[in-house]
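Please walk me through this structure in the viewer, one selection at a time, saying what to pick next and what is found there.

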Amino acid sequence: MNALPTLEQLRALGPLQQPTYPDSAAVDAAVARLRTAPPLVFAGECDDLKDKIAAVSRGEAFLLQGGDCAETFAGVTADNVRNKLRVLLQMAVVLTYAGSVPVVKLGRLAGQYAKPRSSDTETREGVTLPAYRGDAVNGFEFTPESRIPDPQRLVEVYNASAATLNLIRAFVSGGYADLRQVHTWNNDFVRESPFAQRYEAMADEIERALTFMKAIGADPDEFHRVDFHSSHEALLMDYEHAMTRIDSRTGLPYNVSGHFVWIGERTRQLDGAHVEYFRHIRNPIGCKLGPTATADDALSLAHKLNPENEPGRLTFITRFGADKIRDGLPPLVEKVTAEGVSVAWVSDPMHGNTFETSNGYKTRRFDDVIEEVQGFFDVHRALGTVPGGVLVEMTGDDVTECIGGGEEIDEHGLAHRYESVVDPRLNRVQSLELAFRVAEMLRR
Ligand code: PEP
Ligand code: MN
């Protein structure tokens, strides 16, 4: 494999979805600062995750990837991070216990600050401004000043990611993720929710099992801590390239800003800058595939991104939409499988199911989300391939951004607590319900 391209070489390929900065000297300064910053993750941790994803691709584990569509700098608070982690831990324990399968836990966090946009501009009440591209690029506030891209924000992404990851690492190794906390994670939940009650009952069973294990003298380390990894869409070339380091053990490049990084649906062109960058880094990587992806696209991407066909290296994250998955997915899976390509298949049941309500909210129906995951499972089961996991946009708070689910949020209910700056997230109850529903799919 030839050497990692320089940032200049990648820029010459015309990467899509990049901000146009007013001051290139300020970009150079931010990149230079990031190049000397300590790594946020270690290459060895990325390799461990790759091994776990290889198990996912063999059907020996299930991947749960979740977090905000877009993290914000203001969201870097202990409560916010803990609430998200808490729901992810609850979802993972539901999938592990009710679905009887080991769960690989991957946060869509500590780096998810940049957003690709369908339109470069946004118009409100007759005023048109540049689109918000995530806190990594510009401000959400709808003013001309706030929407100017500021490269200093790239350094802020690093600091916010470091703070988030530090907190997560402390939580998962410092007792919060101990299985004996299985009840505590459910505290201050809406008690009326049938899924919170179902969770309580399951937690009782787990607790009894743990007490039994302890009584017979078995109390392994796995009961007291979990493995948790970080992931984000590696969109901004300046940031991702500046956060790439040569691993001292192997001499190979790794993106050290997150364990797992993925290529979005809008930047997966075979000859594009993103694919060129991704094919050189050694992290486990993902690539989104939407309804316009052909079987040949998938195959060419696999050959380019994983030429050695290394298990765990490449994950295809499919996001067709509930109405397209059953027809759209089979040709891709069939071709990739027939060619002997090693890949983990993960369902993103969110991005093919977004629409705008008449009262102006970007939302998704919980039923469509479930229907896409069901379609994903059915397609893989019919083909004898492995439905490896789900990627969901969710939060630990009781927001009202997606329609339906146990609390039956309707279009008008969205206004109650809609906080997402980009895409609508499942709230805590909806996330837990999804976990129970997916566990049922896993069990059959
Ligand atoms: C996302 O994951 O937030 C996203 C933009 O997805 P996609 O690239 O699949 O549209
Ligand atoms: Mn999104």
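Helices and strands on this tour are DSSP runs numbered from the N terminus, a strand having at least two residues. By that numbering, Ile246 belongs to strand E6, residues 244-246. The model is predicted, with a chain average pLDDT of 96 and 99% of the residues scoring at least 70, and with ipTM 0.99 and pTM 0.97 for the model.

**Stop 1: Ile246 in E6**

Select Ile246 and display its surroundings: leaving out residues up to four places away in sequence, Ile246 touches Gly251, Leu252 and Pro253. Ile246 counts as partly exposed because 13 C-beta neighbours lie inside 10 Å, and 20 or more would be required for a buried residue. If you then add Glu433 to the selection, which is 187 residues away along the chain, the C-alpha atoms of Ile246 and Glu433 turn out to be separated by 42 Å.

**Stop 2: the ligand shell**

Centre the view on ligand 1 and select the residues around it, which are Cys69, Pro116, Glu233, Gly264, Glu265, Arg266, Lys288, Arg319, His351 and Asp423. Coloured by class, this shell around ligand 1 shows six charged residues, two polar and two nonpolar.

**Stop 3: three strands side by side**

Next select E9 (residues 285-289), which pairs with E10 in the parallel sense over five bridges, and look for Leu289, whose bridge partner in E10 is Thr318. E10 itself spans residues 314-318, and five of its five residues are buried. Turning the strand shows which way the side chains go: Leu314, Phe316 and Thr318 point one way, while Thr315 and Ile317 point the other way.

Extend the selection to E11 (residues 344-347), where Ala344 and Val346 on one side and Trp345 and Ser347 on the other are all buried, so that both faces of the strand are covered. E10 and E11 are also paired in the parallel sense, over four bridges, and here Ile317 stands opposite Val346 in E11.

**Stop 4: the largest nonpolar core**

Which residues touch the most other members of the largest nonpolar core? Among its 112 residues they are Leu63, Leu64, Met91, Leu95 and Cys287. Helix H4 (residues 78-99) supplies the largest share of this core, with 10 residues. For a closer look, select Leu63, which, not counting residues up to four places away in sequence, touches Ile53, Val56, Val104, Leu106, Ala344, Val346, Gly388 and Gly389; Ala344 and Val346 are the residues met on one side of E11 at the previous stop.

**Stop 5: two loop positions, Pro15 and Thr72**

Move to the loop between helix H1 (7-12) and helix H2 (24-35), where Pro15 is found. Is Pro15 buried or exposed? Pro15 counts as buried, because 20 C-beta neighbours lie inside 10 Å. Apart from neighbours within four places in sequence, Pro15 is in contact with Leu10, Met237, Gly272, Ala273 and His274, and the C-alpha atoms of Pro15 and Leu235 are 9.1 Å apart although 220 residues separate them in sequence.

Thr72 lies in another loop, the one between strand E1 (62-67) and H4. With 18 other C-beta atoms within 10 Å, Thr72 is partly exposed. Leaving aside neighbours within four places in sequence, Thr72 is in contact with Asp135 and Val421, and its C-alpha atom is 9.4 Å from that of Phe140, 68 residues away in sequence.

**Stop 6: positive phi values**

Most residues other than glycine have a negative phi, and the last two selections depart from that pattern. Begin with strand E3 (residues 121-124) and strand E4 (residues 127-130), which pair in the antiparallel sense over four bridges, with Glu122 standing opposite Leu129 in E4. These strands form a hairpin with two residues between them, and in the turn Glu125 has a positive phi of about 45°. Glu125 counts as exposed because it has 5 C-beta neighbours inside 10 Å.

Finish with Asn309, in the loop between helix H9 (295-305) and E10, where phi is near 60°, a positive value in a residue other than glycine. With 14 other C-beta atoms within 10 Å, Asn309 is partly exposed.

How values were computed. Residues are numbered from 1 along each chain as its sequence is written. Chains are lettered from A and ligands numbered from 1 in the order in which they are written. This is a predicted model: local features need pLDDT of at least 70, side-chain atom pairs count only at pLDDT 80 or more; totals for chains, interfaces and linings use all residues. A nonpolar core is a set of buried Ala, Val, Leu, Ile, Met, Phe, Trp, Tyr and Cys residues joined through C-beta atoms within 7 Å. A residue is buried if 20 or more other C-beta atoms lie within 10 Å of its own, exposed if 12 or fewer, and partly exposed in between; C-beta atoms are placed from the backbone. Two residues are in contact if their C-beta atoms, placed from the backbone, lie within 7 Å. Two strands pair if DSSP finds at least two bridges between them. A residue is near a molecule or strand if its C-beta atom, placed from the backbone, lies within 6 Å of it. Ala, Val, Leu, Ile, Met, Phe, Trp, Tyr, Cys and Pro count as nonpolar, Asp, Glu, Lys and Arg as charged, and the others, Gly among them, as polar. pLDDT is the predictor's confidence in each residue, from 0 to 100.
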